[in-house]
Amino acid sequence: MSSGQTLFEWHPYANEPPAANAATLDVRNSRPCLDFDADTNESAVFSGVMPQHYSGGGVTVYIHYAMTSAVENTVDWDVAFERVGDQQLDTDSDSFADVNSVDNTTVPSTSGLVDVVSCAFTDGADMDSVASGEGFRLKITRDAVSDDAAGDAEIYWVELRET
């Protein structure tokens, strides 16, 4: 597999909402999206099995988002991996690795205009040592406590590429 190839794509309906502070499923012009509040850190969680063609390098998460109403200021995102693997995790509790952040992204100047931001992870501990053929979860949180954009942020797609 060559770098830059897509390993995974997730859509809003694939979200497995956490028990607390979950992003809310919504639609905009009949398009499903996940709404992330402007005042509370809210999260979405996506599960998958790392494809067998993943060669063990770093990965980059691409977040395709728009803003419900904001046309100025910035939005911040935190992203973390959780390795499930083969007898690696007791699924009775969460065990996400430290977050990598995409901070101070200037929102599009038009409400509803989709922007794409990326968050890179090196192989190994940075992505909780997820290997090919292993189950994992990806958690995306709007760091609303730190950003200053008004209104909801809306995620339309999340893509995982090998880098």
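## Charged pairs and aromatic rings

R142 is buried, with a relative accessible area of 0%. The model is a predicted one. Even so placed, the side chain of R142 meets that of D147 in a salt bridge, at 2.9 Å from N to O. D147 is buried as well, because its relative accessible area of 8% falls under the 20% cut-off.

**Salt bridges**

Side chains of opposite charge can pair when their charged atoms come close. How many salt bridges does the count come to? The count is 6. Three of them, including the R142 pair, are set out here.

| Pair | Closest N to O distance |
|---|---|
| R137 and D94 | 2.6 Å |
| D147 and R142 | 2.9 Å |
| R161 and E159 | 3.0 Å |

The bridge between R137 and D94 links distant parts of the chain. R137 belongs to strand β9, whereas D94 sits in the loop between β6 and β7; the two are 43 residues apart. Are these partners buried or exposed? R137 has a relative accessible area of 19%, so it counts as buried. That value is under the 20% limit for a buried residue. D94 has 55% relative accessibility, so it counts as exposed. The pair is also part of something wider: E82, D94 and R137 are linked in a network of salt bridges.

In the bridge between R161 and E159, R161 is partly exposed because its relative accessibility is 26%. E159 is at 10%, so it counts as buried. R161 has another contact, with a ring. It lies over the face of Y62, at 4.0 Å from the ring centre.

**A buried glutamate without a bridge**

E162 is found in strand β10, which covers residues 153-162. E162 is buried yet has no salt bridge. Which side chain of opposite charge is nearest to E162, and how far away is it? It is R161, at 11 Å. A salt bridge requires nitrogen and oxygen within 4 Å, so that distance rules out a bridge between E162 and R161.

What does the side chain of E162 reach instead? Two backbone nitrogens can be named. The one of G57 is reached at 3.2 Å. The one of G56 lies 3.5 Å from a polar atom of the E162 side chain.

**Aromatic rings**

The structure holds 9 aromatic pairs. A pair of rings is described by the distance of the centres and the angle of the planes. F81 takes part in two of the pairs described here.

With F121, the ring centres are 4.9 Å apart and the planes stand at 85 degrees, so this pair is edge-to-face. The pair links distant parts of the chain. F81 is in strand β6 (residues 74-83) and F121 in strand β8 (residues 115-121), 40 residues apart. Both residues are buried.

With F136, the centres of the rings are 5.9 Å apart and the planes are at 35 degrees, so the pair is tilted. This pair, too, links distant parts of the chain: F136 is in strand β9 (residues 135-142), 55 residues from F81.

How buried are F81 and F136? F81 counts as buried because its relative accessibility is 0%. F136 counts as buried because its relative accessibility is 1%.

Which residues make up the aromatic cluster around these pairs? F8, W10, F46, F81, F121 and F136 form one cluster.

Key
Residues are numbered from 1 along each chain as its sequence is written. This is a predicted model: local features need pLDDT of at least 70, side-chain atom pairs count only at pLDDT 80 or more; totals for chains, interfaces and linings use all residues. Side-chain values use heavy atoms; hydrogens and water are left out. Helices (H or I, at least four residues) and strands (E, at least two) are DSSP runs, numbered from the N terminus. Buried means under 20% relative accessible area, exposed over 50%, partly exposed in between (1.4 Å probe, protein chains only). Lys and Arg count as positive and Asp and Glu as negative; His and the chain ends are not counted. A polar contact is a pair of N or O atoms within 3.5 Å; within protein, one must be able to donate a hydrogen and the other to accept it, and residues adjacent in sequence count only if both atoms are side-chain atoms. Rings of Phe, Tyr and Trp (its six-membered ring) pair if their centres lie within 6.5 Å; planes under 30 degrees apart count as stacked, over 60 as edge-to-face and the rest as tilted. A charge sits over a ring if NZ of Lys or CZ of Arg is within 6 Å of the ring centre and within 35 degrees of the ring normal.
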